[in-house]
Amino acid sequence: MPDVNVTIDGRKIAVPVGTLVVEAAKLVGIEIPVFCYHHKLDPVGACRLCLVEFSPGPPRPQTACTTPVAEGMVVRTQTAMAVQARADILEFELVNHPLDCPVCDKGGECPLQDFTFRHGYPTSRIDGPRLHFKKPIPLSENIALDRERCVLCYRCTRYYDEVAWEQELTTGQRGVQSYITSQFDQPLQSIFSGNIIDLCPVGALTSRVWRFESRPWDMTHTPSVCSKCAVGCNVNLWQRRGQLVRVTSRENNDIDDGWICDRGRFDYTDVNDPERLRTPRIAGARATWADALTAVANGIKGKGAKLGVSLPKDITNEEAFLFRRLLDGPLKGAKVKMHGRTALPAPAPTIETLRIKEIEDARVIVVVASDIEDDAPIVNLRIKKAVSKRGAKLIVVHPDGVDLDRDPNTVHIRNKPGSAAAEVRKLASHALLKAPGGPVAILFGDGHGSEEIVDLAKSCRELADAVGGKLMPLYRGTNERGALAAGVAGWDSLDGVEALLSWGPPPTAGIPKSVKFMAAWDHLMRPGNEKATVMLPATTFAQRQGSYTNLEGTVQFLRPPIEVDPPLKESWEVLTELGQALGMALDYAGIFAIQREAATAIPALTALAQPPSTEPAPEPVLIGPAHP
Amino acid sequence: MPDLRGSFGEAPDHLLTRWFGTPDLHRLEVYESKTGGYKALRKALLEMPPADITGEIKRSGLRGRGGAGFATGTKWGFINRDAPGPKYVVVNADESEPGTSKDRYIMENSPHLLLEGIMIAAYAVGANQAWMYIRGEYDKPYRMVVEAISEARAKGYLGPKPMGKDYPLDIQLYRGHGAYICGEETALLESLEGKRAQPRSRPPFPAVKGAWGRPTLLNNVETLATVPWILNNGGAEYVKLGTEKSPGTRLMSVSGNVRKPGVYEVELGQTFRHVIMELAGGPPEGRSVKVFWPGGSSAPVLPASMLDTTTDMEALAAARSMGGSGGVIVMDDSHCVVRAAARLLRFYAHESCGKCTPCRVGSDWAVRTYDRILANEGSRVELGILERVADGLQNGRCLCGLGDSAGWVIDSTFRHFREEYEDHALRHTCNVGAVAAHA
Amino acid sequence: MSTLPEHVLDEIRELPAKYPQHRSAVMPALDLAQEELGYLTPEAMSEVATALQLDPGYVEGVATFYTLFHLKPIGKHNFYMCTNLSCMLRGSNEIVDHLKGAIGVHEAGEVSKDGLFSYEEVECLGACEFAPMLRLDHQYHYDLTPQIIDSLIEERRNPPPAPLPPKPKPRARKPKSA
């Protein structure tokens with residue numbers, strides 16, 4: 001469809017059909033203030049803040065957030081009527097709003113403050129008592145609610161209902177007595193609850209983990225990638241004085257669509273633990289790096305299969321590559337166990353994996369042997385978007401109830417554990433898949449070990465071929481796919497090894513009794529690390545340079561906000577020096593050198609040699625006919 | 001004739017109420033045999049193409065009787081009968097506008113008249129299923145409509161082949177649970193979908209995306225109850241009554257300080273003086289009319305000096321008021337306008353759904369300001385706040401008409417009775433005789 | 001141990017089939033629960049939610065919106081007193097004052113000591129030609145006077161005795177054997 005020409009405050013612009021006026025205005029640099037509008041939620045026109053005048057149109061102001069552009073439309077945001085309407089609405093919002101700015105965490109990044117300065121009345125005419133509520137109310141361990149500050153834009157309850165398909169957050173009463181509440185005052189349970197903090201345009205929903213920590217202007221932040229699971233949601237990591245103080249979402253429409261789950265948002269405080277390890281130790285006594293690494297090398301070389309190597313789920317591609325070199329060299333024959341990985345095999349190199357963004361375009365989505373809410377939470381949200389906003393059909397093959405059952409139209413085939421492959425083979429003749437009418441998305445997990453994985457993968461492959469679908473293996477480990485590509489995602493048992501090199505948190509099953517020498521690289525003295533003869537202080541994800549490959553195969557680069565200050569060393573540095581201590585001729589000037597070498601050595605990691613792409617230009621938000 | 005408080009029996013302007021009062025009129029056999037009931041449905045189903053039915057309604061110029069007064073035939077025409085998939089007729093029986101009881105009058109006296117209208121409308125717009133949303137407090141009308149529907153089903157007028165026509169028709173009921181806002185079209189649809197009743201942004205309009213996302217025709221009870229007469233007598237006959245832009249008759253519930261409150265069928269174009277002083281007997285002995293609401297509490301007030309305003313929509317618009325729901329509330333000179341306005345603002349604030357900022361906050365701010373004024377704590381500041389709130393509630397600021405109505409109460413009482421406001425706010429007195437104990 | 005008896009829950013579970021989308025069943029379901037228990041407790045609302053496969057929060061949001069859903073105990077007989085404009089102009093406020101004294105409460109929402117009565121002031125009930133009026137036990141009562149209020153209360157305080165069951169017919173006498 002051809003673009004539509006509109007004039008906004010005298011500025012002409014051509015935008016795609018279906019663009020909302022409020023988005024078109026952004027493109028010519030005009031701010032129309034909004035509270036209830038959010039580009040990821042259905043527009044409602046509830047707060048009335050975005051009133052502007054259109055012609056042709058009725059002689060009254062209309063909401064810019066619910067009106068798509070029309071050919072030849074003339075929008076005026078600065079007429080006396082529109083300016084006064086907006087100022088009046090802001091005044092109404094402030095009637096009951098408490099004078100909390102000095103103690104409110106939102107101050108400094110608060111749309112209510114900013115819009116009042118730019119669009120509101122300069123003086124207050126409000127006199128008289130305000131509405132009072134008990135405050136703050138803990139909605140969960142991580143989120144606090146302040147009902148007095150709430151402007152009832154309903155972004156939080158709409159997000160919960162539209163995006164997460166849950167209603168544990170709801171509105172009680174009506175009219176001016178309305179308030180946001182968790183169901184029957186019980187703590188919020190959802191793994192997606194934290195996003196309401198980012199959505200809330202005022203300080204009503206705040207993070208308890210970050211409460212009273214810092215003002216926005218005291219922090220710096222870097223655009224990085226979450227380290228908690230294989231989805232690789234883009235995040236902003238905020239630091240202040242060398243502490244990681246908060247994690248917020250950074251919109252990447254290809255992967256996370258602007259959301260992150262609570263694991264990524266709140267599970268970071270261990271990074272700031274004052275008990276963090278900072279110097280290498282041999283048998284409890286402080287040592288230099290050189291001595292420590294020599295001790296490690298002596299302890300692990302020449303052991304062959306008597307050496308065990310434990311790797312964490314969030315090992316970076318660069319670390320994985322270096323481990324590959326060590327395992328091909330002096331550590332040949334060692335038993336390798338990567339923790340937190342699934343039983344899924346490496347993806348076949350010639351077959352293209354389904355991309356997360358492509359889930360939205362699928363007509364039928366099949367999820368096998370996985371409760372995605374647990375395994376890859378943000379992919380779960382993308383599936384919900386495809387079903388509720390794009391009309392996709394959903395089939396789940398799983399022995400138990402899953403979160404996607406919230407939609408009564410979900411076809412849930414309950415297989416006996418172990419027989420998922422058989423059920424998948426029957427699906428080719430299922431009513432919904434006989435003529436899907438478009439692409440089919442097939443996502444499969446490992447059923448947490450209950451399924452025979454090779455056969456399951458094969459049956460999914462056959463189904464994809466039969467119905468015109470693409471596959472996505474649901475890895476759980478953050479960089480499971482990258483580690484598989486590097487060949488270090490081991491699955492060996494560590495029982496019986498005499499030497500153990502533990503990289504990251506200690507093995508979850510405990511240290512095997514046979515271990516006589518253990519070297520550990522970790523940032524906390526976790527249970528198990530006390531058995532280590534050599535303890536190397538690790539950097540955390542907030543300091544880590546490197547990259548992850550997410551479950552769809554996209555390589556993403558981390559950008560840490562916190563520097564690695566001596567005596568800490570970067571992980572690739574440590575591995576390089578360890579290799580030298582083991583007699584290898586390893587010499588890398590920096591991480592880029594490692595990335596270039598890895599890119600040539602491992603086909604799946606060619607992206608490492610390319611510089612990260614620039615931030616894409618913002619896309620105007622479309623509704624209606626522009627989408628099929 | 002039984003004791004009905006309103007119009008009944010034969011009269012040139014008794015189109016709807018002609019047969020009210022007939023014993024057992026609520027029974028299908030009486031409705032059919034004694035009053036010519038279900039003839040219009042037979043004609044519609046078996047003799048007329050659906051487009052012609054809509055055409056007849058258009059010809060009649062009938063306007064919606066719920067409050068907005070939108071041309072009914074035009075509304076029926078918005079539904080694309082040939083679009084695939086189900087369509088619905090939704091009957092707005094939520095009647096909660098203060099001063100309005102005409103829909104209750106129809107449902108209690110002649111439920112089959114309403115059912116007949118619904119069925120004809122459903123056939124005309126291509127719907128097979130009608131949903132009647134009836135307010136939860138209407139226990140007796142609910143029982144009577146349930147009974148009437150089962151009679152119609154038993155007779156084969158509702159079902160897979162009504163009157164032998166291969167076009168399934170059914171009517172289901174859905175009960176409201178106490179929210180005035182459900183009288184608003186899109187809020188009603190939200191409530192029907194089992195949600196908190198908050199109006200939707202329009203477009204899309206219900207004719208395109210209504211109940212459960214399907215094309216929907218929403219009409220008021222009285223509007224649909226008028227349909228059988230129009231089909232039986234022709235749209236051209238309906239136009240002969242009333243005025244050019246407001247043809248026909250309408251039921252007006254007259255209440256408040258009058259001797260004969262009741263639901264009267266009135267030819268549009270009659271004066272309010274006729275309705276209030278003649279039909280409803282005027283104010284009690286020794287009192288005189290001070291102010292009246294011509295169309296429910298949401299219609300801007302008119303002072304007694306404007307009693308000769310006629311009841312048609314055009315005249316009311318020219319008088320800066322509206323026809324609204326036809327609920328005429330009459331207040332005599334023994335009552336205080338400020339207290340009445342305060343009570344109405346309390347109503348609007350209580351019924352506000354809370355979705356849009358100006359109505360949610362403004363109506364409550366107005367209530368608190370009225371309270372101050374009535375507690376003799378007022379001043380010029382409070383008057384200014386009321387004016388400013390009224391301004392903030394109107395002209396597209398709010399998502400639906402509830403906010404506008406609240407604004408009109410303040411605006412219109414200020415316009416015609418500024419003295420009384422100033423008495424309370426500036427002089428801390430009330431110059432009216434008997435004052436209600438609390439507003 | 002559920003708050004709602006099984007037969008009520010069964011009825012609720014059958015409701016969604018009557019509507020094009022299952023959420024529409026919420027209001028009639030809450031109605032059934034309230035009829036059974038007199039008012040809606042959080043437990044009852046959660047059970048309704050489970051029976052309809054919805055989150056309890058959703059049901060709570062709907063229940064708190066509508067005034068006919070009671071979230072606190074009410075008297076066995078709850079007086080819904082209209083005090084909107086038409087009724088106010090015809091003395092509803094005085095009727096309410098009389099009612100308060102007659103049932104022995106100080107304010108709306110308070111339940112009388114014998115648990116029999118409570119009242120609330122409601123908005124227009126759609127019977128303005130009969131003002132002042134009220135709704136009680138699913139019926140409207142018109143043209144209220146203090147006497148009518150008193151008799152409505154009395155009928156419920158001391159209900160007339162239930163009609164006696166019909167006397168059993170005397171058994172036919174066995175014929176004496178010869």
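These legends describe close-up views of a predicted model.

**View 1. The interface of chain B and chain C.** Chain B brings 60 residues to the contact, and chain C brings 45 residues. Between them they bury about 4,200 Å². Carbon and sulfur atoms give 54% of that area. Three residues stand out on the side of chain B: R5(B), H177(B) and R343(B). They supply 18% of the area that chain B buries against chain C, more than any other three residues.

**View 2. Salt bridges and polar contacts between chain B and chain C.** Four salt bridges cross this interface. One of them joins the side chains of R343(B) and E123(C), at 3.2 Å from N to O. The interface also holds 30 residue pairs in polar contact, with both residues at pLDDT 80 or more. On the side of chain B that touches chain C, helix α13 (residues 337-351) gives the most, with seven residues. That side of chain B divides into 27 nonpolar, 18 polar and 15 charged residues.

**View 3. Helix α8 of chain B.** This helix spans residues 185-192. Seven of its eight residues are buried, so α8(B) is largely enclosed by the rest of the structure. The buried residues are T186(B), A187(B), L188(B), L189(B), E190(B), S191(B) and L192(B).

**View 4. The cover over α8(B) and what follows the helix.** What covers the buried residues of α8(B) includes four strands of chain B: β1 (88-93), β2 (129-134), β3 (170-175) and β4 (216-220). Chain C takes part too, through α2 (26-37). After α8(B) comes G194(B). The phi of G194(B) is positive, near 80 degrees.

How values were computed. Residues are numbered from 1 along each chain as its sequence is written. Chains are lettered from A and ligands numbered from 1 in the order in which they are written. This is a predicted model: local features need pLDDT of at least 70, side-chain atom pairs count only at pLDDT 80 or more; totals for chains, interfaces and linings use all residues. Side-chain values use heavy atoms; hydrogens and water are left out. Contact means heavy atoms within 4.5 Å. Buried area is the accessible area (1.4 Å probe) that two parts lose on being put together, summed over both. A polar contact is a pair of N or O atoms within 3.5 Å; within protein, one must be able to donate a hydrogen and the other to accept it, and residues adjacent in sequence count only if both atoms are side-chain atoms. Helices (H or I, at least four residues) and strands (E, at least two) are DSSP runs, numbered from the N terminus. Ala, Val, Leu, Ile, Met, Phe, Trp, Tyr, Cys and Pro count as nonpolar, Asp, Glu, Lys and Arg as charged, and the others, Gly among them, as polar. Buried means under 20% relative accessible area, exposed over 50%, partly exposed in between (1.4 Å probe, protein chains only).
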